[in-house]
Amino acid sequence: RASRTVPFVAKATGLPLAAMAARIMAGESLKAFDLAKGNISHTAVKEAVLPFSRFPGVDTILSPEMRSTGEVMGLDKTFEAAFLKAQLAAGIILPEKGKVFISIKDNDKSPLIIEAGKILSKLGFQILSTKGTSNFLNKNNVKTTKVNKVFEGRPNIVDLLKDGKINLVFNTTEGSQSIEDSKEIRSMSLRKNIPYFTTAAGCNAAARAINVKSNK
């Protein structure tokens, strides 16, 4: 981790950490360096670059294995703007309009997802959700349209992805069966180059970044 994290932190803070560490290992004291608390007025966001597009058929869900081939940095005054820049640097173009598919596991049905839904709805996005997520969002004043899961009949969410009718995917899942059921959603999103996020925090950050992009 140090090979990636140290350069990131050094760039974000402006401190030559690797050089300082080498000098300390050679016998110098921390007192030799000007490490007074600085006034950092920016936010730095690190984003992994995951080359899934080079491996057709691979499941894009994250796991303990190291799959990233690189990392990029987004730097700006606010987290939202920095996150947006990090996505752009990683080759992810967040949409400013269209349809977003949201399907969230029970543990992620939280204020983070409600906020994300409200932001996108206010921006004019049409929200499509599976039954459980649709009920959750509707109860929290986020208007949604129910869409079928793959095994619930056609047209279903994969059909809409294939037809290019979805512009953004928020899909968090857990359990071996649910992960397997949603694999086709992830694969089709990758094939169609549709931005997708698989954590509640990532979904929320994406919505906030889209809000910044739309209001620039």
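Contact here means that heavy atoms lie within 4.5 Å of each other, and all views below are drawn from a predicted model.

**View 1. Surroundings of Phe197.** Apart from its neighbours within four places in sequence, Phe197 is in contact with Phe83, Gln87, Leu94, Leu168, Val169, Phe170, Asn171, Gly202, Cys203 and Ala206. Phe197 also belongs to the largest nonpolar core, where it is listed among the residues with the most contacts inside that core, together with Val100, Ile102, Ile113, Leu120 and Phe170.

**View 2. The two nonpolar cores.** The largest nonpolar core comprises 29 residues. At least two residues of this core are supplied by each of helix H3 (79-89), S3, H4, helix H5 (131-139), S6 and helix H9 (200-214), and the largest share, 7 residues, comes from H9. A second core, separate from this one, has 12 residues, and Leu128, Val147, Val158 and Leu160 are among them.

**View 3. Strand S3 and its two partner strands.** Strand S3, which spans residues 99-103, is mostly covered, since 4 of its 5 residues are buried. With strand S4 (residues 126-129), S3 pairs in the parallel sense over 4 bridges, and within this pairing Phe101 stands opposite Leu128 of S4. Between these two strands the chain passes through helix H4 (residues 111-122), and the resulting β-α-β crossover from S3 to S4 is right-handed. S3 is also joined by 4 bridges to strand S6 (residues 168-171), again with the two strands running parallel, and here the bridge partner of Ser103 is Asn171 in S6. Asn171 appears in View 1 as well, as one of the residues in contact with Phe197.

**View 4. His42 in the loop before strand S1.** His42 is found in the loop that lies between helix H2 (17-25) and strand S1 (43-49). The relative accessible area of His42 is 30%, which is between the 20% limit for buried and the 50% limit for exposed residues, and His42 is therefore described as partly exposed. Leaving aside neighbours within four places in sequence, the contacts of His42 are with Ala12, Leu75, Asp76 and Lys77. One of these residues, Ala12, offers its backbone oxygen, which the side chain of His42 reaches at 2.7 Å. Another, Asp76, is 34 residues away from His42 along the chain, yet the C-alpha atoms of the two residues are separated by 5.4 Å.

**View 5. The cis peptide bond at Pro155.** The peptide bond that leads from Arg154 to Pro155 is cis, with an omega angle near 0°. Pro155 itself is placed in the loop between strand S5 (145-146) and helix H6 (157-162).

**View 6. Asn141 and Asn193, residues with positive phi.** Asn141 has a positive phi of about 65°, although it is not a glycine, and its position is in the loop between H5 and S5. Because its relative accessibility is 70%, Asn141 counts as exposed. For Asn193, likewise a residue other than glycine, phi is positive and near 60°, and this residue lies in the loop between helix H8 (183-191) and strand S7 (196-197). Asn193 has a relative accessibility of 65% and so counts as exposed as well.

Terms used: Residues numbered from 1 in each chain as written. Predicted model: local features only at pLDDT ≥ 70, side-chain atom pairs only at ≥ 80, totals over all residues. Heavy atoms only, no water. Buried < 20%, exposed > 50% of the residue type's maximum accessible area, 1.4 Å probe, protein only. Pairing = 2+ DSSP bridges. Right-handed = clockwise from strand over helix to strand, strands pointing away. Polar contact = N/O pair within 3.5 Å; in protein donor to acceptor, adjacent residues only side chain to side chain. Core = buried A, V, L, I, M, F, W, Y, C linked by side-chain atoms within 4.5 Å.
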